[in-house]
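Q: I'm new to this one and would like a close look at a single part of it. Could you walk me through that part slowly?

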Amino acid sequence: ELPVLPVAIVAKAPLDVRAQPAAKSRTPVHKQWAFWVLAGSFVVGSLVAVYVATRPEPQAYRGNAPPFYMSFP
């Protein structure tokens, strides 16, 4: 014969098996300040990179009299 073990009563109140865990209310990404800091720094960094890459090289000084060169004796 098997020994009879006492059964513990775990739930003392009725269980709601349909209950969903409460979802945390998260702020959308576009409303967080860190998103705008990253987006703004990306835009400014891109503009600076385009400016630096496309500016003309410095030209040699050719004088200020026509035909814009100076001769030295």
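Which residues make the nonpolar surface patch of about 390 Å²?

A: Happy to. Keep in mind that this is a predicted model. The patch you're asking about is built from Val 44, Val 48, Tyr 51 and Val 52, and together they give a nonpolar surface of about 390 Å². To find your way there, look for helix H1, which covers residues 33-54 and holds Val 44. You can't really mix it up with anything else, as the protein chain has one helix and zero strands.

While you're on H1, residues 33-54, have a look at Phe 35 and Trp 36. Their rings form an edge-to-face aromatic pair, 5.0 Å centre to centre with 80° between the planes. One aromatic pair is what the structure holds. Phe 35 has 34% relative accessibility, so it counts as partly exposed. Trp 36 comes out at 52%, so that residue counts as exposed.

Now zoom out to the whole protein chain. Buried residues make up just 1% of its 73 residues. Its accessible surface comes to about 8,100 Å², with 67% of that belonging to carbon and sulfur atoms.

Technical notes
Residues numbered from 1 in each chain as written. Predicted model: local features only at pLDDT ≥ 70, side-chain atom pairs only at ≥ 80, totals over all residues. Heavy atoms only, no water. Phe/Tyr/Trp six-rings, centres within 6.5 Å; stacked < 30°, edge-to-face > 60°. Buried < 20%, exposed > 50% of the residue type's maximum accessible area, 1.4 Å probe, protein only. Patch = residues over 30% accessible without salt bridge, like charges linked within 9 Å, V, L, I, M, F, W, Y side chains within 5 Å. Areas by Shrake-Rupley, 256 points an atom, 1.4 Å probe, with all protein chains shown as cover. Salt bridge = Lys/Arg side-chain N within 4 Å of Asp/Glu carboxyl O. Helix = DSSP H or I, 4+ residues; strand = E, 2+ residues; numbered from the N terminus.
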